[in-house]
Amino acid sequence: DEITCNTILSVYAKSGQVDAAMKLLNRLEQDWEDESSSSLATTSSSAHQGVHPRQRRIAYNTVILAWNNYAEKHCQTIEEKEEAGNKADQILDRMQRHGVIPDSYTYNNTLKTLSVGNMGTAESFLDYMETSNECFV
């Protein structure tokens, strides 16, 4: 279930196991897509859609946090830290593409991860946050 998966994601995040976290997130996304497809085929689809939006947000936020922990604790070079920041930003994009609304935790951790590697990118992201209507949901 999603709560158990989020607990496992949290363990991966704290230990810097970003590859394992990404594999689990990929599996969760596939399950969510399968669930969505199957719910469209049933008559109770309206009751089934959006059952776990909070748990899905937690999953994405936890993987963003995993990239942050990885950047801070395991990356040695600026290039590695920038790549971790880019990965966190990509997770935010995936989150939005899958219809999960980011919250302030999402934006703050993405910004924090970006700032570990490249302040210019972090400043651009901060500009985006200031102009976005979605930042403080």
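Let's start with helix α5 and its length. At 1.5 Å a residue, its 20 residues should span 28 Å, and the end C-alpha atoms are 29 Å apart, so the two values agree. Please keep in mind that this is a predicted model, and that goes for everything I show you today.

You can find α5 at residues 78–97. Which of its residues are buried? They are A84, G85, A88, I91, L92, R94 and M95. Just after the helix, have a look at G99, which takes a positive phi of about 80°.

Let me pick one residue out of that buried set, L92. Its relative accessibility is 2%, so L92 counts as buried. What does L92 touch, once we leave aside its neighbours within four places in sequence? The contacts are I64, P102, T106, Y107, T110 and F125. There is also a nice link back to Y60: the C-alpha atoms of L92 and Y60 are separated by 7.4 Å, although these residues sit 32 places apart along the chain.

Now let's step back for the overall picture. The chain has seven helices and zero strands, so if you walk from the N terminus you read α-α-α-α-α-α-α. There are 137 residues in the chain, and 39% of them are buried. Take the contacts with a separation of 6 or more: 68% of those are between residues 24 or more positions apart. As for the outside, the accessible surface comes to about 7,700 Å², and carbon and sulfur atoms hold 50% of that.

On to the aromatic rings. A pair of rings is described by the distance of the centres and the angle of the planes. This structure holds two such aromatic pairs. In one of them, the rings of W32 and Y60 have centres 5.7 Å apart and planes at 50°, so we call the pair tilted. Where do the partners come from? W32 belongs to helix α2, residues 18–40, and Y60 to helix α4, residues 53–73, so this pair links distant parts of the chain, 28 residues apart. Both partners are hidden from the surface: W32 is buried with a relative accessible area of 6%, and Y60 is buried with 0%.

The other pair is W67 with Y70. Here the ring centres are 5.7 Å apart and the planes stand at 85°, so this pair is edge-to-face. W67 and Y70 are three residues apart in helix α4, which separates them by about one helical turn. It helps to remember that an α-helix has 3.6 residues a turn, so residues three or four places apart point the same way. Buried or partly exposed, then? W67 is buried, with a relative accessible area of 8%, while Y70, at 27% relative accessibility, counts as partly exposed.

Let's stay in helix α4 a moment longer, because N61 lies there too and deserves a look. N61 is buried, with a relative accessible area of 5%. What does the side chain of N61 join up with through a polar contact? The partner is the side chain of D103, at 3.3 Å. Not counting residues up to four places away in sequence, N61 touches M95, D103, Y105 and T106.

D103 brings us to helix α6. At the start of this helix, a side-chain oxygen of D103 reaches to within 3.2 Å of the backbone nitrogen of Y105. Helix α6 covers residues 104–117, and its 14 residues should span 20 Å; the end C-alpha atoms are 21 Å apart, which agrees. The buried residues in α6 are T106, Y107, N109, T110, L111, T113, L114 and G117. And what covers them? The cover includes α4, α5 and α7, the last of these at 119–131.

One more topic before I stop: cysteines. How many disulfides does a search of the whole structure find? Zero. C5 counts as buried at 8% relative accessibility, and C75 counts as buried as well, at 6%.

To pull the threads together, follow two residues on your screen. Y60 is ring partner to W32, and its C-alpha atom is 7.4 Å from that of L92. D103 has its polar contact with N61 and also reaches the backbone nitrogen of Y105 at the start of α6. Thanks, everyone!

Methods. Residues are numbered from 1 along each chain as its sequence is written. This is a predicted model: local features need pLDDT of at least 70, side-chain atom pairs count only at pLDDT 80 or more; totals for chains, interfaces and linings use all residues. Side-chain values use heavy atoms; hydrogens and water are left out. Helices (H or I, at least four residues) and strands (E, at least two) are DSSP runs, numbered from the N terminus. Buried means under 20% relative accessible area, exposed over 50%, partly exposed in between (1.4 Å probe, protein chains only). Contact means heavy atoms within 4.5 Å. Accessible areas come from the Shrake-Rupley method with a 1.4 Å probe; for residues, only the protein chains shown count as cover. Rings of Phe, Tyr and Trp (its six-membered ring) pair if their centres lie within 6.5 Å; planes under 30 degrees apart count as stacked, over 60 as edge-to-face and the rest as tilted. A polar contact is a pair of N or O atoms within 3.5 Å; within protein, one must be able to donate a hydrogen and the other to accept it, and residues adjacent in sequence count only if both atoms are side-chain atoms. The expected span of a helix is 1.5 Å times one less than its number of residues. A disulfide is a pair of cysteine sulfur atoms within 2.5 Å.
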